[in-house]
Protein chains: 2
Amino acid sequence: MARMVAERSDAIAPLAEVFREHGYEGASLALIGKATGLGKGSLYHFFPNGKEEMVRAVLGEIGQWFEDAVYSPLRNESDANGAIGAMLDATDQYFRSGRRVCLVGALAVANTRDLFAQAIRGYFVSWVDALQSALIRQGRDADQSRILAEEAVLAIQGAIVLSRALDDPAVFQRAIDQLRGRLVIENDASNNRGTIDDSSQNEGCLV
Amino acid sequence: MARMVAERSDAIAPLAEVFREHGYEGASLALIGKATGLGKGSLYHFFPNGKEEMVRAVLGEIGQWFEDAVYSPLRNESDANGAIGAMLDATDQYFRSGRRVCLVGALAVANTRDLFAQAIRGYFVSWVDALQSALIRQGRDADQSRILAEEAVLAIQGAIVLSRALDDPAVFQRAIDQLRGRLVIENDASNNRGTIDDSSQNEGCLV
DNA sequence: ACGAGATTGTACCAATCGGTAAAGTAATTA
DNA sequence: TAATTACTTTACCGATTGGTACAATCTCGT
């Protein structure tokens, strides 16, 4: 029998996947055990508060990844235009062109929203705020930037829903392309793809 | 004790509500019984195939309502501009400015998608097709109309997600306003609100 | 008023749910 | 090496799950 010792952090990525695919209530401890390779004992050793604590851990990890890979560049990068392009690239990769569901969005729509309201709100507020900051640094009006940032974040969520409903990743990619046209300011010398973070060419974030 | 005889059609609206609020798996027979006021016996008398048949009945009713109230005017109304404005009004009312979840979208995101794939696909394909038809009749290019229709339907779904995530109906209403600006062609003599179907001023569709 | 069919309440089922308890095994530290 | 901690296995719990069976009740055409 393969008996190995695991640590908490190894469980986060499989947990994220199983919650994305089955939702909070749909992800039973049996499914969670299968996805993580951990028995109930180990699961409750790492997450004494059960499923709720597992989701909170996953949300924390997701928030951290977006903070580092998306929000922070949008807020701090000197090349705001490039940061926005990089955001769109990262979004397309992270959500696998709509094949991967947004856990935060899914939780917001389900009746579990109230349980994780703070984390859900924080995720989207940070995204809109960071994008608005970059749009303003592009030279746009503050109010217009707010509206545009909200529209963009909302369009990404809608693109996930519609591309899954139609089972067609092209829907998601068209939505990203449209956003690129509306958010990125044309520049003859650039192809409008992210030039900042080429290290994000890896196969995609696990969490 | 109040003992009354019900009929199948009376159960559809409460069923729609309970599935919207709890999802397919989250809506237990206990919750369904409470919402409809029907016992298991009655429920399985009207819907012999259980929850799956209940959801199919609800999806059928929803599809019919949208066909009559939204798609058909978009496709057939001579005043395409007015029909689009009416669509936005109906959308805001139907989804209660984002306070009400879209059951079809929620099913598309959950792992129940495959079970209802055909109905889900039909709902969104009809919507995009009908809206494209109206946009073309406004005098727009066919390809551009396709893209724009897709963007609009997708934005509505995203607006539901984001306004629920932020618990702020104003997000949904701003999204509808933005769509009005992009879809409705300005006309000095009109305020760009739907002028066709003023009978839809009722408190909102039940299903 | 009566019979037929439609509707309902109740008891019941195996399976699964989230979660607990505790004894056992591995890794770490002293 | 001994003791301590970290992790895992297994068995178990009451509650709830979706679904079935069936007898009792109601509605309605005659």
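How far from an N or O atom in the side chain of A:Tyr44 is a phosphate oxygen of DNA strand C? In this predicted model, the separation between the phosphate oxygen and the side-chain N or O atom of A:Tyr44 is 2.5 Å. Two further side chains of chain A place an N or O atom beside a phosphate oxygen of the strand, that of A:Lys51 at 2.9 Å and that of A:Ser28 at 3.0 Å.

The surroundings of DNA strand C comprise 19 residues, and the closest of these are A:Leu29, A:Lys40, A:Tyr44, A:Lys51 and B:Ala6. By class, nine of the residues on this surface are nonpolar, six are polar and four are charged. On the nucleic acid side, sugar or phosphate accounts for 72% of the strand C atoms that lie within 4 Å of the protein, the remainder belonging to bases.

With respect to secondary structure, at least two residues of the surface near DNA strand C are supplied by each of helix H2 (29-36), helix H3 (40-46) and helix H4 (50-76) of chain A, and likewise by helix H3 (40-46) of chain B. Among the contributors, H3(B) gives the most, with four residues.

An unreviewed UniProt entry lists residues 28-47 of chain A under the heading "DNA-binding region". In the model, this span is 75% helix and 0% strand, and the C-alpha atoms at its two ends lie 15 Å apart.

Key: Residues numbered from 1 in each chain as written. Chains lettered and ligands numbered in written order. Predicted model: local features only at pLDDT ≥ 70, side-chain atom pairs only at ≥ 80, totals over all residues. Heavy atoms only, no water. UniProt positions renumbered as here; feature names shortened; annotations may be inferred. Near = heavy atom within 4 Å. Polar contact = N/O pair within 3.5 Å; in protein donor to acceptor, adjacent residues only side chain to side chain. Nonpolar A, V, L, I, M, F, W, Y, C, P; charged D, E, K, R; others polar.
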